[in-house]
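Here are my notes from going through this one. Have the model open while you read, as the points go residue by residue in places.

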Amino acid sequence: MSTSTLELIMKIRGFAGLFLAGAILAFSCVNQDDINDLQKQIDEISDNQIKSLEQQVSSVKTSITDLQTMDRGLKTYIDDLTKTAVDLQKAIDESDAKIDKVKADFDKAIADAKAEAAADNTSLKNDLVKSIEAAKADVVAQLTAARTELQGQVDQIKSTIETLKAKDTELEGKIADLKTYA
């Protein structure tokens, strides 16, 4: 072997020795206290943060169940309001027919009274015609006011139903979002 080869082998042995010494020093710096501290930190994370996450997931699952119960109640309330609106609309439609009949009855009574008054030309019958016309106007005004009030209630219920349906859709979206986290 030549001297340059021997020198090269010696240099490689020197570097290997330095590397080995460095590795021994690096690993000897890690003592049992450091390992215990790391284990303690891992245990704290495990005990506190993971349990906290488990509690949060449990809470979300409970919230989902509660929200689903509320959603079912809201849907029942919407259905009940819808039925009420339908019933009120039916009452309004029936009232419209009754108002038309009352108007027709009054118109007939007025026409009959006018015919008799024209034939007899008496002031008493003319007064009767005026009384019937006044009664007609009063009854029709009261019936129309009642119909308008009912229609206002129906419109308000329909508006409430639409608002509740929108909120229900929003609630269902939030429930779905929560389910993805649970």
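The points below cover the fold, the cores, one buried acid and the salt bridges.

1. First, a caveat: this is a predicted model. Every value below is computed from its atoms, with local features called at pLDDT of at least 70.

2. The overall layout is quick to describe. The protein has three helices and zero strands, and from the N terminus the order is α-α-α. Among contacts with a separation of 6 or more, 84% are between residues 24 or more positions apart.

3. On burial, what share of the 182 residues is buried? The figure is 14%. The protein exposes about 13600 Å², and 60% of that comes from carbon and sulfur atoms.

4. Now the largest nonpolar core, which has ten residues. Leu74, Ile78, Leu81, Ala85, Leu88 and Ile92 are in it, together with Val154, Ile157, Ile161 and Leu164. Two elements give two or more residues each: helix 2 (32-120) and helix 3 (123-181). Helix 2 gives the most, with six residues. As background, nonpolar side chains in soluble globular proteins tend to be buried together.

5. Ile92 is a handy core residue to click on. Leaving out residues up to four places away in sequence, Ile92 touches Arg147, Leu150, Gln151 and Val154. Another core lies apart from the ten-residue one; this other core has five residues, including Phe106, Ile110, Ala113 and Ile132.

6. Asp168, in helix 3, deserves a look. Which side chain of opposite charge is nearest to Asp168? That would be Lys75, at 4.2 Å. A salt bridge here requires nitrogen and oxygen within 4 Å, so buried Asp168 is left with no salt bridge. Beyond its sequence neighbours up to four places away, Asp168 touches Asp71, Leu74, Lys75 and Ile78. Two of these contacts, Leu74 and Ile78, belong to the ten-residue core.

7. Lys75 does have partners elsewhere: Asp71, Lys75 and Glu172 are linked in a network of salt bridges. Asp71 and Lys75 are also among the residues that Asp168 touches.

8. How many salt bridges does the structure hold? There are eight, and three of the pairs are worth going through. As a general matter, side chains of opposite charge can pair when their charged atoms come close.

9. Asp96 and Arg147 meet in a salt bridge at 2.5 Å, N to O. This pair links distant parts of the chain, with Asp96 in helix 2 and Arg147 in helix 3, 51 residues apart. Asp96 is partly exposed at 22% relative accessible area, and Arg147 is partly exposed at 26%. Arg147 is also one of the residues that Ile92 touches.

10. Lys136 and Asp107 form another salt bridge, at 2.4 Å, N to O. Here too distant parts of the chain are linked: Lys136 sits in helix 3, Asp107 in helix 2, and 29 residues separate them. Asp107 is partly exposed, with a relative accessible area of 39%.

11. Lys101 and Asp105 pair up within helix 2, four residues apart, about one turn of the helix. Their salt bridge is 3.1 Å, N to O. Is Lys101 buried or exposed? Lys101 counts as exposed, at 52% relative accessibility, whereas Asp105 is partly exposed at 41%.

Key. Residues are numbered from 1 along each chain as its sequence is written. This is a predicted model: local features need pLDDT of at least 70, side-chain atom pairs count only at pLDDT 80 or more; totals for chains, interfaces and linings use all residues. Side-chain values use heavy atoms; hydrogens and water are left out. Buried means under 20% relative accessible area, exposed over 50%, partly exposed in between (1.4 Å probe, protein chains only). Contact means heavy atoms within 4.5 Å. Accessible areas come from the Shrake-Rupley method with a 1.4 Å probe; for residues, only the protein chains shown count as cover. A nonpolar core is a set of buried Ala, Val, Leu, Ile, Met, Phe, Trp, Tyr and Cys residues joined through side-chain atoms within 4.5 Å. Lys and Arg count as positive and Asp and Glu as negative; His and the chain ends are not counted.
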